[in-house]
Amino acid sequence: MWFSALRSVLLLSWLTAFLPGASAEPMLQSNSLNTCQEDSMFTASLFTVVYTPNNNTAFLNIVATSSVEGNVVFDVAISAYGYTIIQTTVDPCKVGLAGLCPMTAGKIPLKFNLPVGEEAASQIPGIAYTFPDLDATVRVFLNMTDTGKSVACVEADISNGKTVDLIAVKWVLAIIAGIILCSSAIINGLGHSNAAAHIASGALSLFGFFQAQAMLGLTSIHLPPVVQSWTQDFQWSMGIINVDFMQDIFTWYQRATGGTPSTIFDSLTTVSVQVEKRALSVLPEAAVNIYRRSAALLPRGAVELMKRGNVMTGSGSYIVYGIQRVAFRAGVETTNLFMTGLTFFCLLVVFTIGVVAAFKGFCELAVKQKWMKGDTFLEFRNGWLTVLKGILFRLTLIGYPQMAILCLWEFTQVDSPAEVVLAVFFIVGMTVTLAWAASKVIRIARRSVAMHRNPAYILFSDPQALNKWGFLYIQFRASAYYFIIPVLGYTLVKAMFIAFAQGNSTAQAIGFLLIEAGALIASSVLRPWMDKSTNSFNIAICAINFINAIFLLIFSDVFNQPPLVNGVIGLILFILNAIFATILLIMVIVSTTLVFYRKNPDGRYQFMADDRASFMKSQSQLAGTTELDALAATARGDKAGYKHGLDLDDDNESISSADMRRRTDTSNLTIPTAAPNGGYSRNNVNPPHSPVDPSVPLFPAAGGPQRAPSPYNGSSAGRSQNSGSPPSYRAQNNAR
């Protein structure tokens, strides 16, 4: 498996070299020129250089501003992944660079082809033209010929046009995640609840891992190019998808509601955009000052934090980093990012409602036309509205990380008053909805413990509660029903660090490290998921997230390490996460595929230790061969046909406080010894709801109250004392 995963990663890395959209010939290019020295006397607002080794020619298009007068010498250093591979000195007068010998003050527009000698071309290794997301930099110091003093420093990031940021990979990942989620719903509709729970848990964990990868790219930490491209492959999970006509609509909406849209893409022909990947120490002084002002303003209010947009340097070029960097690479204007994520989340909800309604209609038509059996998807057809509510709640849970980050970030941008109102509505609405649903689950579980000494009894015995609220607890063991609260808190705190700490990469790195360390410790100690394999699956994800947090801390340069370390760590992060993602995909795909080839999909998985399967209505189709199964079926009323009785959503009589007290108060229980005329009178005020005593737990703990002696092992007197109900009384209760 490891060899197969590694082979897939290597194939992914080199796939761009053979895509039809990729360049047919090798090339090296740079699209921005950054200053790397305070008070640099040479800057460029537009910088485009393309070198093609086939004809040994470099095309240059530069709009520069120079304050240097006199003859200069260029001290050139070329580094790859932080390691200097070429260092040389170039005299512009000797190589015939027009306009640079001597240099004059003013605006210098340059657009020309520059021949590159064979000796210089031979020093470039062949892998530089093929390795994806090349992390190479050319740094040039301008030194005065007469004094040797450095008067300017500029650097350019070099790319070869090859990348792991692939549209095909994004589509494949999205389709796989969607198919697996749909498969779990179909399997559950067919009555295989155990298999469906495992598949749904795996799909949700996989999607959560995709979102965690996307969050790495949303941080303002300076990431190596390969890490930027790798995390960009997962931004679709945050709703960051570029559709041209939708971007036009968002721009119009922003203008119509009092906002001012950014036009960074409209100015690319005249202004360069620097995708920030270096430490602040090498950024222009203007950008450093903006970063510092942002960090200083953070305590005063999030509204002032990097308000309204793109950072422009003194030379007129832009710098994008963090969330803006992700938007720029996705082809989305930064002022349209919030509306882009919001719209795709709403479209997903509307599309899901339509699919569920259409599937309901198809099932009814298929049964009517006798295309399928009448009992197929029977539970879904009878309670499809409840199922739909549960699906919408699950979509809210899936989309919560995306909307939390974008809504909180919108508070710092204030793109328009209307968008701020939308951000408030969605973040408050989704947070309150999920918090209320989690509290509902906790109340139901506590009532189940009070009534039956087991939280699984009510959580899994009522199909309405299971279909509506099950998305919050079905992936956990019954005793860990509360774990959804830490999960929601983890998501919200992480979103706050991403949205509010865009101006302080060190704070983000330390925050991520503490958050992921807490998540790893909690998951390893509590092991809250449903079984051993699911716990191992999720703990492994938490471990990878923690390792990524350590890498982010290294990228933030808190250790002041040499650039070579960042380059190597970037490659390690990409390879590690690519291998791990491949393994997760293979595991989930194989597990889902095998389920469809088994006659009894539930048989592939061991039943959970909390015995939830004994309480699920869908298990009534299985033969109750054990005393425990028979007892659970009797308590549910399956023998006389299942009754929609609990209705946990409305808190009716079955789990009301008065009813719970009546059931748990043994002083109010009467054991009949005889009944006149063979049955109870209808005027009896409090007839028992079940022949099973609810005060006796189905699963007594060690040292707890013991079950009453079985009447079948004792004398006839014992039988009469413990089960004195006449046949007519049993018949009346069974008819319920």
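Reader: Which residue in β8 stands opposite serine 79?

Author: Happy to start there, with a reminder that this is a predicted model. Strand β5 covers residues 72-80, and β8 covers residues 136-144. The two strands run antiparallel and are joined by nine bridges. Opposite serine 79, in β8, stands threonine 137.

Reader: In what order do the strands of the open sheet come?

Author: Five strands make up this open sheet, and their pairing is antiparallel. β5 and β8 are among them. The order is β2-β9-β8-β5-β6.

Reader: Which strands stand at the edges of that sheet?

Author: Look for strands that have a single partner strand. One side of such a strand is left without a neighbour in the sheet, so it is an edge. The two edge strands are β2 (34-35) and β6 (83-90).

Reader: Now a helix, please: what span does α12 reach from its first C-alpha to its last?

Author: Helix α12 takes in residues 384-413, which is 30 residues. At 1.5 Å a residue, the expected span is 44 Å. The model comes close to that, at 41 Å.

Reader: Where does α12 bend?

Author: The bend is about 50 degrees. Within four residues after the bend comes a proline, proline 401. The bend itself is at glycine 399.

Reader: Is α12 mostly covered or mostly uncovered?

Author: Count a residue as buried when its relative accessible area is under 20%. In α12, that holds for 23 of the 30 residues. The helix is therefore, by that cut-off, mostly covered.

Reader: Which residue just after α12 takes a positive phi?

Author: Most residues other than glycine have a negative phi. Just after α12, a valine takes a positive phi of about 50 degrees. That residue is valine 414.

Reader: Is arginine 453 buried, partly exposed or exposed?

Author: Arginine 453 is found in the loop between α13 (417-452) and α14 (456-461). Its phi is positive, about 60 degrees, although it is not a glycine. With 44% relative accessibility, arginine 453 counts as partly exposed.

Reader: What is the relative accessibility of arginine 527?

Author: Arginine 527 is found in the loop between α17 (505-526) and α18 (532-555). Although not a glycine, arginine 527 has a positive phi of about 45 degrees. It counts as partly exposed, with a relative accessibility of 49%.

Reader: What share of the residues of the protein chain count as buried?

Author: The secondary structure of the chain comes to 23 helices and twelve strands. The chain has 736 residues. The share that count as buried is 49%.

Methods: Residues are numbered from 1 along each chain as its sequence is written. This is a predicted model: local features need pLDDT of at least 70, side-chain atom pairs count only at pLDDT 80 or more; totals for chains, interfaces and linings use all residues. Side-chain values use heavy atoms; hydrogens and water are left out. Two strands pair if DSSP finds at least two bridges between them. Buried means under 20% relative accessible area, exposed over 50%, partly exposed in between (1.4 Å probe, protein chains only). The expected span of a helix is 1.5 Å times one less than its number of residues. The bend at a residue is the angle between axes fitted to the seven residues ending there and the seven starting there.
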